[in-house]
Amino acid sequence: MCGVELLCLCELGEHNEGLEEQENLIKEIVTNVNVELDGVLEVVSAQYPTYAVIMRKREGLTISKVEFVHGLENRLHLRTKDEPEETYTVHDRTALRLVVEFQGRSLTVINVHCPSSRKRPFTTEVRQNVFCSLMQLVGATRGGAAEPAGWIIGGDLNCGANWLVNQARTWQPPQHDHTGRNARGRYIEQCWSRRIDPLHGD
């Protein structure tokens with residue numbers, strides 16, 4: 001088995017609708033896989049539209065919080081269990097936020113899908129608002145110092161590499177040495193799951 005500890009899925013079915021019987025389907029798949037893997041996998045979350053999280057059960061890895069977030073392009077909104085689905089709109093952009101405890105350290109993980117189409121135009125203004133919302137979700141500070149806890153934002157961002165690099169610089173600038181001149185590296189790193197057509201921001 002590969003060394004993946006946490007698998008975050010997005011784009012499952014239609015945006016804001018998900019797959020039919022999504023939670024039951026994901027659980028059934030994991031159950032079938034566990035027959036071969038001695039029950040090593042666990043479904044962390046599959047109830048929120050288009051998102052699912054599966055983890056490998058092991059010592060030193062726990063998920064302390066899972067939050068479904070929508071309204072990324074306008075304002076952050078954590079959906080409560082009693083909130084009706086009518087609060088969603090066709091343009092609503094969502095994400096899943098997890099607080100992960102791994103080997104004694106806290107890590108915030110954001111799984112996000114940013115669709116772009118005629119129905120849901122992903123304009124420059126919307127892209128900017130969504131990115132700012134994502135950075136706020138992980139606790140980053142514009143122009144500030146490195147955060148004490150690590151974080152990862154992944155999924156389908158639909159943003160080019162250069163755009164992401166430039167945006168990241170405005171939130172966390174280079175770290176300098178005691179002279180204030182020599183950059184020793186950046187707190188934010190851009191990593192791609194694949195180098196084929198990275199313009200889509202996967």
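Let's start in the interior: the largest nonpolar core of this predicted model has 20 residues, and those with the most contacts inside it are Leu72, Ile110, Val112, Val130 and Leu134. A nonpolar core here is a set of buried Ala, Val, Leu, Ile, Met, Phe, Trp, Tyr and Cys residues joined through side-chain atoms within 4.5 Å. Buried stands for under 20% relative accessible area, exposed for over 50%, and partly exposed for what lies in between (1.4 Å probe, protein chains only). Strand 7 (105-113), helix 2 (124-137) and helix 3 (161-171) each supply at least two residues of this core, and helix 2 gives the largest share, with seven residues. Helices (H or I, at least four residues) and strands (E, at least two) are DSSP runs, numbered from the N terminus. In soluble globular proteins, nonpolar side chains tend to be buried together.

A few words on reading the model. Residues are numbered from 1 along each chain as its sequence is written, and side-chain values use heavy atoms, with hydrogens and water left out. Because this is a predicted model, local features need pLDDT of at least 70 and side-chain atom pairs count only at pLDDT 80 or more, while totals for chains, interfaces and linings use all residues.

Val112 is a good residue to click on next. Not counting residues up to four places away in sequence, Val112 touches Cys10, Tyr51, Leu72, Thr94, Ala95, Leu134, Ile153, Gly154, Gly155, Asp156 and Leu157, where contact means heavy atoms within 4.5 Å. Cys10 and Tyr51 also appear, along with Met55 and Val100, in a second, separate core of 11 residues.

Thr108 sits in strand 7 as well. The residue is buried, with a relative accessible area of 14%. Leaving aside neighbours within four places in sequence, its contacts are Arg97, Leu98, Leu137, Val138, Gly150, Trp151 and Ile152.

Now for the whole fold. The protein has three helices and eight strands, which follow the pattern β-α-β-β-β-β-β-β-α-β-α along the sequence. Among contacts between residues at least 6 apart in sequence, 62% join residues at least 24 apart. Of the 202 residues, 38% count as buried. The accessible surface comes to about 11900 Å², and 50% of it belongs to carbon and sulfur atoms; such areas come from the Shrake-Rupley method with a 1.4 Å probe, and for residues only the protein chains shown count as cover.

Charged pairs come next. Side chains of opposite charge can pair when their charged atoms come close. A search of the whole structure finds five salt bridges, each being a side-chain nitrogen of Lys or Arg within 4 Å of a carboxyl oxygen of Asp or Glu. One of them joins Arg56 to Glu5, with the closest N and O atoms 3.2 Å apart. This pair links distant parts of the chain: Arg56 belongs to strand 3 (residues 52-56) and Glu5 to the segment before strand 1 (6-9), 51 residues apart. Arg56 is buried at a relative accessible area of 18%, and Glu5 is buried at 18%.

Glu67 and Arg97 form another salt bridge (2.5 Å, N to O). Glu67 lies in strand 4 (residues 61-70) and Arg97 in strand 6 (residues 94-102), so the pair ties together parts that are 30 residues apart in sequence. Glu67 is buried, with a relative accessible area of 16%, and Arg97 is buried with 16%. Salt bridges that share partners also join Glu5, Arg56 and Arg58 into one network.

In helix 1, Lys27 and Glu23 meet in a salt bridge (3.3 Å, N to O). These two are separated by about one helical turn because they are four residues apart in the helix. Lys27 is partly exposed at 40% relative accessible area, and Glu23 is partly exposed at 31%.

Leu25 is found in helix 1 (residues 22-37) too. With a relative accessible area of 34%, Leu25 is partly exposed. Leu19, Leu25, Ile29 and Val33 make a nonpolar surface patch of about 280 Å². Patches are made of residues with over 30% relative accessible area and no salt bridge, with like charges joined within 9 Å and nonpolar side chains (Val, Leu, Ile, Met, Phe, Trp, Tyr) within 5 Å.

Finally, the cysteines. The count of disulfides is zero, a disulfide being a pair of cysteine sulfur atoms within 2.5 Å. For Cys8, the nearest cysteine sulfur, that of Cys10, is 9.1 Å away. Cys8 counts as partly exposed at 27% relative accessibility, whereas Cys114 counts as buried at 1%.
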